Amino acid sequence: MIAQPVSPELQAEALLDQTLAEIASFFPMTQADYDMLSYGQQVYGVRMTEGKGRQQITVIKGASGNHYIGSHSEQEEMEARRDRDLQFFDSWYDGLQHLSTKGKQPERVAQVVTQRWPKRAKRSKKLRVLSPNSVARQQYIQFSPGALFIVELNGKLVKLPIEALYPWEYYSRTLPPVLAEQTLEWDFRKEVAECIRRMILGVSALFPITAEDQALIDLANAQIRIKFVDHFWQLASAFVTESGKYRVGFPRDDMEEQPVGIQHDTKTGRANADAEVGAIRKARRLYPGDPMKTVVTVHHATKNHTHEDGELIRIVTSCALCRKSLLHYSPNVKNIIPLNGEGIGKVPMRVLYPLPDFPVPGLAVAA
Ligand SMILES: [Zn+2]
């Protein structure tokens with residue numbers, strides 16, 4: 001048999017798998033971890049017998065060793081499905097609430113596992129272990145960097161720090177002292193960061209920046225300059241579709257039709273209108289059925305928020321919510337990102353949202 005050359009996309013997936021396995025090897029599963037899983041299953045069982053119905057259960061271990069339960073019910077999910085505007089708080093969020101309200105001061109998260117009812121088809125009694133959703137990734141990395149999540153990696157239960165599930169943030173937040181003083185048991189922060197750095201550099205080497213990518217960056221830069229208003233949190237997200245349908249240099253009156261999403265907002269968290277979401281809306285409207293091929297997001301410095309390197313405009317990585325939305329809209333989309341001191345690179349969005357919490361189609365890329 002002649003060996004087929006492996007596509008860069010498949011090589012990137014292999015690098016991601018290898019990196020996650022390497023990081024997981026720093027944190028072997030212990031009896032205490034399996035006890036956490038059983039604890040969640042017990043709570044589930046008790047609530048079922050009490051007639052509370054099926055629930056998604058998140059067990060959190062705090063830095064002090066205390067355990068907290070977060071949950072939401074199937075009924076709450078149904079209500080949220082009926083009215084999209086309802087603020088729905090899931091078990092990850094509920095767990096954070098318990099952790100913050102029980103003691104005198106909020107406690108830092110050390111470890112998390114989320115389980116929910118099995119799929120009907122399987123009929124097994126065992127609960128399913130879930131990867132965190134995008135909001136949980138965003139919230140936990142801000143509240144508790146280093147928190148470990150028990151997740152399934154290639155059919156095996158492993159522990160991964162939130163930094164591996166939401167890799168390559170462009171902007172690290174400082175923890176308030178009350179949380180920063182609560183140090184975690186493990187001390188592999190540097191090793192984990194190094195594994196992720198090696199993976200991002202390795203993957204980006206597989207996808208050289210092309211003239212088309214450069215034109216895309218120029219488009220985003222030009223648009224953010226035109227639309228900039230000080231005091232807002234300002235981003236522009238430009239994309240090119242798989243069929244290459246995008247044009248740079250529209251006449252001014254056609255600006256509405258540029259493949260760029262713009263964000264003017266004041267950092268209102270979940271209610272943000274992120275530039276990437278604007279880009280997805282435009283892609284749907286202008287090029288229906290033509291998924292995104294590449295996307296780049298740039299941030300414009302303001303009086304209140306300057307970039308460390310003093311640059312006016314810089315390329316940034318997207319938040320967890322946007323990574324998920326982009327991956328959902330275009331499973332094979334690539335993202336131009338800063339290599340944090342080593343220039344810029346391009347990586348598949350899949351690498352920036354590992355172990356997705358929703359079904360992503362397999363890679364359909366010819367070698
Ligand atoms: Zn975002």
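**Exercise 1. Place H98.**
Find the element that holds H98, then decide whether H98 is buried, partly exposed or exposed.

*Solution.*
Step 1. H98 sits in helix α4, which spans residues 91-101. The model is predicted.
Step 2. Count the neighbours. H98 has 19 C-beta neighbours inside 10 Å. A residue is buried if 20 or more other C-beta atoms lie within 10 Å, and exposed if 12 or fewer do. H98 therefore counts as partly exposed.
Step 3. List the contacts, leaving out residues up to four places away in sequence. H98 touches Y68, I69 and G70.
Step 4. Check a distance. H98 and D83 are 15 residues apart along the chain, and their C-alpha atoms are separated by 26 Å.

**Exercise 2. Find the buried residues of α4.**
Which residues of α4 are buried, and what covers them?

*Solution.*
Step 1. The buried residues are S91, W92, D94, G95, L96 and L99.
Step 2. Their cover includes the strands β1 (55-62), β2 (67-73) and β3 (109-116), along with helix α5 (134-143).

**Exercise 3. Describe how α5 and α11 pack.**
Give the distance and angle between the axes of α5 and α11, then name the residues in contact.

*Solution.*
Step 1. The axes come within 7 Å and cross at roughly 155°.
Step 2. Angles over 145 degrees count as roughly antiparallel. So α5 and α11 are roughly antiparallel to each other.
Step 3. The crossing of α5 and α11 is right-handed.
Step 4. From α5, the contact uses S134, V135, R137 and Q138; from α11, it uses A320, L321, R323 and K324.
Step 5. Sort these residues: 3 are nonpolar, 2 polar and 3 charged.

**Exercise 4. Do the same for α10 and α11.**
At what angle do α10 and α11 pack, and how far apart are their axes?

*Solution.*
Step 1. Helix α10 covers residues 275-286 and helix α11 covers residues 320-329. Their angle is about 15°, with the axes 9 Å apart.
Step 2. Angles under 35 degrees count as roughly parallel. The two helices, α10 and α11, are therefore roughly parallel.
Step 3. The crossing of α10 and α11 is left-handed.
Step 4. E276, V277 and I280 of α10 make the contact with C322, S325, L326 and Y329 of α11.
Step 5. The contact of α10 with α11 holds 5 nonpolar, 1 polar and 1 charged residue.

**Exercise 5. Classify the α1 and α8 pair.**
Work out how α1 and α8 are oriented, and sort their contact residues.

*Solution.*
Step 1. The axes of α1 (residues 8-25) and α8 (residues 189-205) come within 10 Å and cross at roughly 175°.
Step 2. That angle makes α1 roughly antiparallel to α8.
Step 3. In α1, A12, L15, L16, T19, E22 and I23 meet V192, C195, I196, M199, G202 and V203 in α8.
Step 4. The contact divides into 9 nonpolar, 2 polar and 1 charged.

**Exercise 6. Relate the two domains.**
How many residues of domain 1 are in contact with domain 2?

*Solution.*
Step 1. Set the bounds: domain 1 is 27-187 and domain 2 is 208-352.
Step 2. Their C-alpha centres lie 31 Å apart.
Step 3. In the contact, 9 residues of domain 1 face 11 residues of domain 2.
Step 4. The domain 1 side has 5 nonpolar, 2 polar and 2 charged residues.

**Exercise 7. Place V316.**
Is V316 buried or partly exposed?

*Solution.*
Step 1. V316 lies in strand β10, residues 313-316.
Step 2. V316 has 19 other C-beta atoms within 10 Å, so V316 is partly exposed.
Step 3. V316 and V296 are 20 residues apart along the chain, with their C-alpha atoms separated by 7.9 Å.

Technical notes. Residues are numbered from 1 along each chain as its sequence is written. This is a predicted model: local features need pLDDT of at least 70, side-chain atom pairs count only at pLDDT 80 or more; totals for chains, interfaces and linings use all residues. Axes are lines fitted to C-alpha atoms, for helices over the stretch in contact, and angles run from 0 to 180 degrees between N-to-C directions. Helices (H or I, at least four residues) and strands (E, at least two) are DSSP runs, numbered from the N terminus. Angles under 35 degrees count as roughly parallel, over 145 as roughly antiparallel, 65 to 115 as roughly perpendicular and the rest as oblique. A crossing is left-handed if the near helix is turned anticlockwise from the far one by less than a right angle, and right-handed if clockwise. Two residues are in contact if their C-beta atoms, placed from the backbone, lie within 7 Å. Ala, Val, Leu, Ile, Met, Phe, Trp, Tyr, Cys and Pro count as nonpolar, Asp, Glu, Lys and Arg as charged, and the others, Gly among them, as polar. Domain bounds come from an automatic or database domain assignment.
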